[in-house]
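Me: I'd like a close look at just one part of this model: the strand pairing and whatever packs against it. Take me through it piece by piece, please.

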Amino acid sequence: MGYTLGPIVIIDDDIDDREVLRDVFHDLQVPNELKFFDDCEVAYQYLEKTKEKPFLIFSDINLPRMSGADLKRKINANDAVRQKSIPFIFLTTTSSNNAVLDAYESLAQGFFTKPNSIVALKQMVQMILDYWKISQHPNSDLL
């Protein structure tokens with residue numbers, strides 16, 4: 001079963017982490033376009049205006065100006081954006097209980113701590129992609 005064709009949105013303000021993720025998706029031969037944002041407000045504007053159907057959102061939780069959890073709450077508060085039903089996954093170096101609680105209180109669909117090894121990161125990303133490509137949700141191509 002193939003991935004949905006919509007872009008994968010990645011929100012991370014660390015340029016090195018963005019490059020690592022770009023390499024991971026390339027190495028995994030993920031065909032989806034990657035849309036990178038370093039700012040939640042700009043990502044939100046894209047989500048609000050796009051006619052595309054993004055496949056997934058991967059977001060850091062600690063970002064300048066607006067946290068990833070605040071972005072998720074903003075998405076939830078906007079009927080038009082929320083109804084796009086884009087799975088929202090936190091992928092972050094933060095692993096505090098408060099961050100996990102904040103993420104799930106924002107109704108995120110997952111919280112993952114970035115591993116220190118590229119091999120482990122590839123395995124984690126592949127597992128997340130595999131889960132969402134077979135999961136039925138309002139934005140999936142299975143309905």
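Reply: Let's start with one pair of residues: Ile8 stands opposite Leu34 in S2. This is a predicted model, so a local feature needs pLDDT of at least 70 and side-chain atom pairs count only at pLDDT 80 or more, while totals for chains, interfaces and linings use all residues. Numbering runs from 1 along each chain as its sequence is written, and side-chain values use heavy atoms, with hydrogens and water left out.

Ile8 and Leu34 belong to a longer match: strand S1 (residues 8-11) and strand S2 (residues 34-37) run parallel and share four bridges. (Strands are DSSP E runs of at least two residues, helices are H or I runs of at least four, and both are numbered from the N terminus; two strands pair if DSSP finds at least two bridges between them.) To get from S1 to S2, the chain goes through helix H1 (residues 15-27), and this β-α-β crossover is right-handed. (Right-handed here: with the strands pointing away from you, the path from the first strand over the helix to the second runs clockwise.)

Now step back to the whole sheet. This open sheet has five strands in the order S2-S1-S3-S4-S5, with parallel pairing. S2 and strand S5 (110-113) sit at the edges with a single partner strand each, so one side of each has no neighbour in the sheet. On average, neighbouring strands are turned by 20° against each other, direction ignored. (Axes are lines fitted to C-alpha atoms, for helices over the stretch in contact, and angles between N-to-C directions run from 0 to 180 degrees.)

Moving along that order, strand S3 (residues 56-59) pairs with strand S4 (residues 88-92) in the parallel sense over three bridges. Phe58 has Ile89 in S4 as its bridge partner.

S4 also runs parallel to S5, and four bridges join these two. Thr92, for instance, stands opposite Thr113 in S5. The route from S4 to S5 goes through H5, in another β-α-β crossover that is right-handed.

What packs on these strands? Helix H5 (residues 97-105) lies across S4 and S5, and runs at about 155° to S5. Helix H6 (residues 118-134) packs on the sheet too, touching S1, S3, S4 and S5, with its direction making about 145° with that of S3. (Contact means heavy atoms within 4.5 Å.)
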